[in-house]
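Q: I would like a close look at a single part of this structure, taken slowly and with each term explained as it comes up.

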Amino acid sequence: MLYFQIGGDDRISDVRFEGSGCAISVASASLLADTVIGLNTADALKYSSTLVERLAGRTTVDDNGEGINLGKLRALEGVKEFPSRVKCATLAWHALNAAIHGASQPTTTE
Amino acid sequence: MNKHNIKLPDRVDRIVDIANCRADFPAFSQEINGHPLTYLDSAASSQQPAIVIDTVAEYQRHDHANVHRGVHELSHRATEAYEDARDSIGTFVNAASRREVIYTSGTTESINLVAQSFCRPTLKRGDKILITHLEHHSNIVPWQLVCEQTGAELLVAPIDQQGQVDLDTLLALLDEKVKILTITHVSNALGTVLPLRKIIAEAHRRDIPVLIDGAQAVPHMPIDVQDLDCDFYAFSGHKMFGPTGIGILYGKEAHLEKMPPYQGGGDMILEVKFDGTTYNELPYKFEAGTPNISGAVGLGTAVDYLQSLGMDRISKYENELLAYLTKQLQTVDGIRLIGTATQKASVQSFLLEDIHAHDLGTILDRQGVAVRTGHHCAMPIMDFYGIPGTVRASLALYNNKQDIDALVEGLGEAKEIFSG
């Protein structure tokens, strides 16, 4: 479970997670929390899409030229060697997208 | 020798050592990530011996044509191969007649066939279908579908912490509203072996027919459907060293005779007219369209291969290996065995400390050890234990003690990685 606190100024003021997941999903959620706290939702979404595209092998950009530099998140790249585990890394980010867009159903990576 | 002049392995020198059979399986001559392949995932799908692979290839090279319809030589060869395989398979499970042996695409289709063709026509609101908490999704969802379609109710017999079915409750649930009891022979997630003869006898005392999901049983022990007296028995080729895409539904002739067809099409008819079509006799009534002929040939060959080894000997060998697996796993500090019934076959699920099953599986894969991780298509069992999934090691006749040692060593690696 991922919890996001988004203030009236559209900034993500807090991120927490709880539950059991594999090491990759937990690491990804942890890195997500570090990355998006303090960001506005638009920038958070840009990080999310850049990372997901990169993990899916659809881009090699880690700096999208709009001030989004993946930095620490590049640690997640190793997951590309384990195709069956890519979803573990992207799950938290899909949840972020869903939360920002106000979804009410649990998020999946499908 | 089988009809394709492919020699079955010489059994004389194999009388005492099932473990030597590993050499019959080409998959084991490869390395995975720099390690010999340790394949402990036969419950998901088994490896095929060279004779199955070669016989299928020979069929495709020299004997292929469509079955049942042609007057030419190749069509005769194909039909003979297909029907001879049916006879071998029928003998393997001791079906009373070849009319009771239906080819399907696998256990899942077999079960759907029974749900739609045996149950659905007469099921009504207030009727019940009884399964157990051990069932694989393939023996749950077809019944949920038919219950939605008819208004019938699905009941579930509970299990205990060891993964055994609560027999008293199961028997108590067998009342006059239950129209079918459909249960697994061996649990794919926990390895539990159900006491089928007793359960079937009790169900029959109450006139309740019984379908058995035998997918995880047929590769590991002798099956005698007449001795079990089950009404239907379903299993898959790819779990028993045959190809994917082929399986069997055994059904008592009296039932199959009365059941309407499952799928319509060619071959399951005698005569087609727009003002009325008559259906073919058994077993063809339930085999619409061009079948998976090469799959059937492969399954028949797999059956011949198993018969040459003897299911009793395979069963004895695997039981000893399972005892070793259980014992060795218990030497790993922090191991939690899941599925500890007194009667088990082939399978041991486990967790290690609080390491997620997928992580264990990935680390083991790096050592060439193939196990399955997750819910094993048995989510209700995972819910029962309150866990997202397990690591499952499953044994087949080609496994040996070194495989188990490699698994335990891999678990040691995993502990190291996660203890840092």
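Is B:Arg98 buried, partly exposed or exposed, and what is its relative accessible area?

A: B:Arg98 is partly exposed, because its relative accessible area is 28%, where buried means under 20% relative accessible area, exposed means over 50%, and partly exposed lies in between, with a 1.4 Å probe and protein chains only. This is a predicted model, in which local features need pLDDT of at least 70 and side-chain atom pairs count only at pLDDT 80 or more, while totals for chains, interfaces and linings use all residues. Residues are numbered from 1 along each chain as its sequence is written, chains are lettered from A and ligands numbered from 1 in the order in which they are written, and side-chain values use heavy atoms, with hydrogens and water left out.

The side chain of B:Arg98 meets that of B:Glu83 in a salt bridge, with 2.8 Å from N to O; the term stands for a side-chain nitrogen of Lys or Arg within 4 Å of a carboxyl oxygen of Asp or Glu. This pair links distant parts of the chain, since B:Arg98 lies in the loop between helix H2 (73-92) and strand E4 (101-104) of chain B, whereas B:Glu83 is in helix H2 of chain B, 15 residues apart. Helices (H or I, at least four residues) and strands (E, at least two) are DSSP runs, numbered from the N terminus. B:Glu83, in contrast to its partner, is buried, with a relative accessible area of 9%.

Helix H2 of chain B takes part in another such contact, for B:Arg86 forms a salt bridge with B:Glu287, and the closest N and O atoms are 2.7 Å apart. Here too distant parts of the chain are linked, as B:Glu287 sits in the loop between strand E12 (276-279) and helix H9 (293-309) of chain B, while B:Arg86 is in helix H2, 201 residues apart. Both partners are buried: B:Glu287 has a relative accessible area of 6%, and B:Arg86 has 0% relative accessibility.

These residues belong together, because B:Glu83, B:Arg86, B:Asp87, B:Arg98 and B:Glu287 are linked in a network of salt bridges. Over all chains, the count by this rule comes to 27 salt bridges. One further salt bridge is that between the side chains of A:Arg85 and B:Asp359, at 2.7 Å from N to O; A:Arg85 lies in the loop between helix H2 (41-55) and helix H3 (86-100) of chain A and B:Asp359 in helix H11 (residues 357-366) of chain B, so this pair joins two chains.
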